Amino acid sequence: MTRMRVAIIGGGYAGFELAKRLDPHVDVTLIEAREAFVHNVGAPRSVVEPGLIERIVFPYDRLLKNGRVVRERVQTADAGGAVFGDGSRVDADAVVVATGSGYAAPFKPQGDSSAEFMANLRATSAQVAAAQRVVIVGAGAVGVELAGEIKAVHPDKAVALVSNQSQLFPMYRRELHARLVEQLIALGVELHLGQVATGLARTDQPYEGEIALTDGTRLAGLIVPAIGARVAESPAHILPGVDRQANGQLAVDPWLRPSSLTNVFAIGDLAATGEGMTVVSASRHAPWLAGTIRKLAAGKPLESLPAYKPWKVPPILLPLGPNKGASVLPLGRRGMVVGDWLTTTIKGKDLFLPRYNREFGR
């Protein structure tokens with residue numbers, strides 16, 4: 001019997017996990033422009049622990065036992081597969097687009113080179129070590145975690161955290177905000193909440209400079225933009241019938257299909273499921289789609305299968321260094337806010353590195 005062919009475009013968190021789960025069951029081709037997976041969850045800590053940098057980059061050569069990884073950039077996709085810039089293609093019975101999102105350097109790769117990503121991290125690490133004050137503009141997960149990581153290693157270094165919102169993570173219970181504020185203040189982080197930063201010379205990488213806040217405060221030092229993820233442009237954006245959201249995500253139907261093509265799926269940061277652009281969202285998409293595709297391969301019609309169910313309360317894990325932090329777990333109607341011990345146990349201690357070493361055969 002001919003095995004079902006699945007082409008997965010994008011080897012980030014959602015794409016690699018889907019490929020790994022499907023590898024024993026269908027004919028998988030994972031298409032990724034980079035030569036290695038970047039575990040960017042570890043990037044904030046790598047800024048102050050540069051010895052970690054090489055440990056968060058994983059070559060794809062041992063990921064799949066049966067399928068293949070093709071290092072290429074896809075130009076277009078259709079119901080029959082994926083097409084490269086030179087016109088060659090990978091034929092498939094199902095296509096999954098998992099192209100993810102971008103972020104300012106050094107927290108995500110800016111191009112297709114993992115060596116350049118590591119060089120950017122090392123450069124920022126040297127900048128932070130030399131800076132008298134670090135000013136982090138943006139208080140999402142990257143900004144908050146970076147503030148905690150810097151203070152854990154450089155307790156005497158001045159660190160300011162700026163946000164245009166008065167509450168940290170306002171989509172969650174206020175208890176999360178309260179716990180994080182208490183911990184950040186105890187670490188000595190200067191908090192400037194509800195303040196718009198003006199005078200940003202650039203938003204793509206750290207630089208020495210000065211910014212002004214709404215209340216007239218001026219902050220000078222190493223300015224680190226951490227303003228948020230941006231959905232990557234993808235072949236799915238030009239498929240027929242797509243509904244592009246304001247943030248670049250694509251609306252999806254109950255089975256995570258973004259277009260009128262019935263065998264093309266979108267997962268990870270690309271899919272507008274209402275869960276936010278986080279690794280934990282991707283970790284829910286991939287297992288669901290893997291199970292669904294296996295049933296499709298067995299001949300079951302998609303509409304007869306259970307639809308995807310998003311997190312009611314997407315979990316979030318926010319370590320402030322290896323021993324502190326706060327999190328929201330998906331328990332109860334509004335989620336459960338927990339503190340240092342569980343945050344450290346789940347994520348802060350090892351940043352999931354043992355798992356990714358196993359996944360990539362290291």
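Leaving aside its neighbours within four places in sequence, with which residues is His177 in contact? In this predicted model, His177 belongs to helix 5, and its contacts beyond those neighbours are Ser166, Gln167, Leu168 and Leu193. The residue has a relative accessibility of 8% and therefore counts as buried, the cut-off being under 20%. One of these partners, Leu193, is part of strand 13, which spans residues 190–193. The surroundings of His177 thus lead from helix 5 to the sheet described next.

The sheet is open and consists of six strands in the order 13-12-11-16-15-14, and its pairing is mixed. Strand 13 (190–193) and strand 14 (197–198) occupy the edges; each has a single partner strand, so one side of each is without a neighbour in the sheet. At one edge, strand 13 pairs with strand 12 (residues 158–163) in the parallel sense, over four bridges. Within this pairing, Leu161 has Leu191 of strand 13 as its bridge partner.

At the other edge, strand 14 pairs with strand 15 (residues 207–213) in the antiparallel sense over two bridges. Here Ala197 has Leu213 of strand 15 as its bridge partner. Strand 15 is also paired with strand 16 (residues 218–225), again in the antiparallel sense, over six bridges. Glu210 is placed opposite Ala220 of strand 16. These two strands, 15 and 16, form a hairpin with four residues between them, and Gly216 in the turn has a positive phi of about 95°. In a regular strand, side chains alternate between the two faces of the sheet.

Helix 5 (residues 174–187) lies across strand 12 and strand 13, and runs at about 140° to strand 13. Helix 5 also meets helix 4 (residues 141–153): their axes come within 10 Å and cross at roughly 30°. This crossing is left-handed. Helix 4 contributes Val144, Ala147, Gly148 and Lys151 to the contact, while helix 5 contributes Leu180, Leu184 and Leu187. By class, these residues comprise five nonpolar, one polar and one charged. An α-helix has 3.6 residues a turn, so residues three or four places apart point the same way. The spacing of the contact residues can be read with this rule in mind.

A second helix pair involves helix 1 (residues 13–22), which is mostly covered, with eight of its ten residues buried. The buried residues are Tyr13, Ala14, Gly15, Phe16, Glu17, Leu18, Ala19 and Leu22. They pack against several elements: strand 1 (5–9), strand 2 (27–32), strand 3 (36–38), strand 9 (94–97), helix 6 (279–297) and helix 8. With helix 6, the axis of helix 1 comes within 8 Å and crosses at roughly 30°. Helix 1 is therefore roughly parallel to helix 6, and the crossing is right-handed. On the side of helix 1, the contact is made by Tyr13, Ala14, Glu17, Leu18, Arg21 and Leu22. On the side of helix 6, the residues are Val279, Ala282, Ser283, Ala286, Pro287, Leu289, Ala290, Ile293 and Arg294. The contact has eleven nonpolar, one polar and three charged residues.

Several loop residues also deserve attention. Gln249 lies in the loop between strand 17 (230–231) and strand 18. Its relative accessible area is 9%, and Gln249 is therefore buried. Not counting residues up to four places away in sequence, Gln249 touches Val231, Asp243, Arg244, Asp269, Leu270, Ala271, Ala272 and Met277.

Backbone geometry sets apart three further loop positions. Leu256, in the loop between strand 18 (250–251) and strand 19 (264–266), has a positive phi of about 65° although it is not a glycine. With a relative accessibility of 1%, Leu256 counts as buried. Leu351, located in the loop between helix 7 (340–348) and helix 8 (353–359), likewise has a positive phi, near 55°, in a residue other than glycine. Leu351 also counts as buried, at 3% relative accessibility. Finally, the peptide bond from Ala105 to Pro106 is cis, with omega near 5°; Pro106 is found in the loop between strand 10 (101–102) and helix 3 (114–130).

Terms used. Residues are numbered from 1 along each chain as its sequence is written. This is a predicted model: local features need pLDDT of at least 70, side-chain atom pairs count only at pLDDT 80 or more; totals for chains, interfaces and linings use all residues. Side-chain values use heavy atoms; hydrogens and water are left out. Two strands pair if DSSP finds at least two bridges between them. Contact means heavy atoms within 4.5 Å. Axes are lines fitted to C-alpha atoms, for helices over the stretch in contact, and angles run from 0 to 180 degrees between N-to-C directions. A crossing is left-handed if the near helix is turned anticlockwise from the far one by less than a right angle, and right-handed if clockwise. Ala, Val, Leu, Ile, Met, Phe, Trp, Tyr, Cys and Pro count as nonpolar, Asp, Glu, Lys and Arg as charged, and the others, Gly among them, as polar. Buried means under 20% relative accessible area, exposed over 50%, partly exposed in between (1.4 Å probe, protein chains only). Angles under 35 degrees count as roughly parallel, over 145 as roughly antiparallel, 65 to 115 as roughly perpendicular and the rest as oblique.
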